[in-house]
Amino acid sequence: MSTPSVEPVPLPAKRRVAQLAMLAFAVVIVMGAYANVGLAIDKQVPAGMLTYGLGLGGFMLAAYLVLAKFAPWADPLILPLVTLINGLGLVVIYRLESAGMPGASATNQLVWTGVGVVLFTVTLVVLRDHRALQRLTYTAGAIGLALLVSPLVPFLGKEINGARIWIGVGGATLQPAEFAKLSLVVFFAGYLVAKRDVLALAGRRLLFIDLPRARDLGPVLITWGFSLGVLVLQKDLGSSLLIFGTFIAMLYIATQRTSWVLIGILLFVGGATLAGLVFGHVQDRFTVYLNPEDPALYDKIGGSFQLLQGLFGMGQGGMLGTGLGQGHPELIPLAFSDFIFAATGEELGLTGLMALLMVYALLVERGLRTSIAARDPFSKLLAGGLSFILAWQVFIIVGGVTNLIPLTGLVTPFMSQGGSALLANWILIALLVRISDTARRPPPQAIQDEGMTQVFQR
Amino acid sequence: MSELTLLLIRLAFLAVLWFFVIAAVGVIRTDLFGSRTTPAVAGRKVPKAVKPMVKSRKGEPRQMVVTGGPLQGTTITLSEAPITIGRASDATLVVTDDYASSRHARLFPQDGQWIVEDLGSTNGTYLDRSKVTRPTPVPIGVPIRIGKTVIELRK
């Protein structure tokens, strides 16, 4: 038997100092942006700068302390990246509010950010081991579906701006689909872990792809049916695309089979074409997408006016932007929610937008990295699915605003004004942090000399 | 506030924004090139005691990589602690595989070598082609097969 080594085992670094420094950096950038807005509009540093800056800084410090206590091994970059995006969103909303845009309210958004941090904390404290979620696979699926269809319930559901995706509780409105997507990712992860082998192995080979068996198509067809249901009944193009795309991506992660992706794309294109032929609102979106410059469409209500205003704004911004507080993003309808990306583009230009997209990309990279580092299949799929849904959401809305794909009403994660999306995304980040904590935690250390029995400190 | 000042502020803000991105990438860098886990202070205190140890460790594996099976790509940095592999959720490497037992095999370091030991699994553990019947030293780069999962030690 070897003598126990006195040298403590070297552990992977927690990098807490780096995390705190990056967090402070993000808060300083956000405060600088506030000052910039004030200097440009009123020629003085705005009085609210300290309130907003310290408010955001306080929330993030709280989140950092929670992280250090309950998930010390978590990835050091996730929180600072989210802080920067959330803070820039606040600045743009503040800027639109000071331009007198009705509906924009930075104070509301700051309060929602605080509630988001509270939910982040609650998730981390309550959910000590995310693998407990695997036992709730089908419960999560049921909750997700219930949330998704809840706006269709009479008296509870509300139709705003043509989409029936809201429920009213008391005086407040809520978008349950935002929370449904988290539930559904948990369900997909648990389901695919159980059924992965049959989906990945059974089937036969045709030309160059492995085709699955016909009976294994069931889950894909069911999810497809539900996405189409959302599309048709709630007129919510965004959520429909989001859920179906995430399912296909997770199916691909689980099985490594290209045929699932091809089947998914074919099903979606088929479904969308069918929906386009039968339902007016899908058709309208498509016409706008193909010919936004058409004067008739521009003048039509629900036509391409909003899209073109966004494009004009980004064009006005050019490479370097007009500078914070010096453009006219308030001319874009809904610039504080769906079109916040265009408003940011006008004032920060391509250079700023690329930096913003890089921050999103780094966030997704950290999520996928967590997925690679995770040691059990459920965590891998969950982390992969959560990162993908974040990336996919950014792609759908940014693609829509820049007219790369037909516009669908989705929020830009962490930036757009709106409580439901912000809260749901903070919970998403808490889940990612929890998984990354488990994945990066070093293996249990033996606390005594090796012998017949071993005692582990877990 | 003159135009020029605003222009300078604008450019400075964009530069700072990109600096943040670069700083974030700097934090990630350790992912790509590995991190120096020994704290600098400890290294300064006992430089002589550490140095020969590091030297003698040169031939030792530093990480375990899953090269085949559903968990392909996972790496575990080796420390002094033993690694358990199996379907049990408290194993270091959790495999979901019908051919693996809940506590399938164990890897532990001894005298500068890593030893693989089968923990009475149903379908056995294979080191390269041969079945592991008693604790066997694992050379670097030789595949260990557990059910559908293949792992190997790397420097």
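Student: Let's start with the open sheet in chain B: how many strands form it, and in what order?

Tutor: Strands of a sheet pair through backbone hydrogen bonds, either parallel or antiparallel. In this predicted model, 6 strands make up the open sheet, ordered E2-E1-E11-E10-E7-E8 (chain B), and the pairing is antiparallel.

Student: Which strands are the edge strands?

Tutor: Those are E2 and strand E8 (130-131) of chain B, each of which pairs on one side only.

Student: Can we zoom in on one pair? How many bridges join E7 to E10 in chain B?

Tutor: Strand E7 (residues 125-127) and strand E10 (residues 144-146) of chain B run antiparallel and are joined by 3 bridges. To see one of them, pick Thr125(B): its bridge partner in E10(B) is Ile146(B).

Student: Stepping back, how many helices and strands does chain B have?

Tutor: Chain B holds 3 helices and 11 strands. Read from the N terminus, the elements go α-α-α-β-β-β-β-β-β-β-β-β-β-β. Of the 155 residues in chain B, 28% are buried. As for contacts with a separation of 6 or more in chain B, 34% come from residues 24 or more positions apart.

Student: Now the interface. How many residues of chain B are in contact with chain A?

Tutor: The size of an interface is often given as the accessible area lost when the parts come together. Here we can count residues instead: 37 residues of chain B are in contact with 48 residues of chain A. On the chain B side, helix H1 (3-33), strand E2 (75-77), strand E4 (93-94) and strand E5 (105-110) each supply at least two residues. H1(B) gives the largest share, 15 residues. Sorted by class, that side of chain B has 22 nonpolar, 11 polar and 4 charged residues.

Student: Over to chain A. What should I make of helix H7's length?

Tutor: The trick is to set the end-to-end distance against the expected one. Helix H7 (residues 176-201) of chain A has 26 residues and reaches 36 Å from first C-alpha to last, close to the 38 Å expected at 1.5 Å a residue. Don't stop at the length, though: H7(A) also has a kink of about 65°, centred on Lys195(A).

Student: And H15(A): what span should its 25 residues have?

Tutor: At 1.5 Å a residue they should span 36 Å, and the end C-alpha atoms are 36 Å apart, so the two agree. H15(A) is largely enclosed by the rest of the structure, because 22 of its 25 residues are buried. Just after H15(A), look at Asn403(A), which takes a positive phi of about 60°.

Student: Is Gln134(A) buried or exposed?

Tutor: Gln134(A) has 21 other C-beta atoms within 10 Å, so it counts as buried. This residue sits in helix H5 (residues 132-135) of chain A. Leaving aside neighbours within four places in sequence, Gln134(A) is in contact with Gly190(A) and Phe378(A). Thr344(A), by contrast, is 210 residues away along the chain, with 39 Å between its C-alpha atom and that of Gln134(A).

Student: Where is confidence lowest and highest in chain A?

Tutor: The low point is strand E7 (residues 456-457) of chain A, with a mean of 55, and the high point is helix H15 (residues 377-401) of chain A, at 94. Over residues 1-10 of chain A the pLDDT is below 50, and this stretch has 12 contacts in the model beyond near neighbours in sequence. Chain A as a whole averages a pLDDT of 84, with 91% of the residues scoring at least 70.

Note on methods
Residues numbered from 1 in each chain as written. Chains lettered and ligands numbered in written order. Predicted model: local features only at pLDDT ≥ 70, side-chain atom pairs only at ≥ 80, totals over all residues. Contact = placed C-beta atoms within 7 Å. Helix = DSSP H or I, 4+ residues; strand = E, 2+ residues; numbered from the N terminus. Nonpolar A, V, L, I, M, F, W, Y, C, P; charged D, E, K, R; others polar. Buried ≥ 20, exposed ≤ 12 C-beta atoms within 10 Å, placed from the backbone. Expected span 1.5 Å × (residues − 1). Bend = angle between axes of the 7 residues up to and from the residue. pLDDT = per-residue confidence, 0-100. Pairing = 2+ DSSP bridges.
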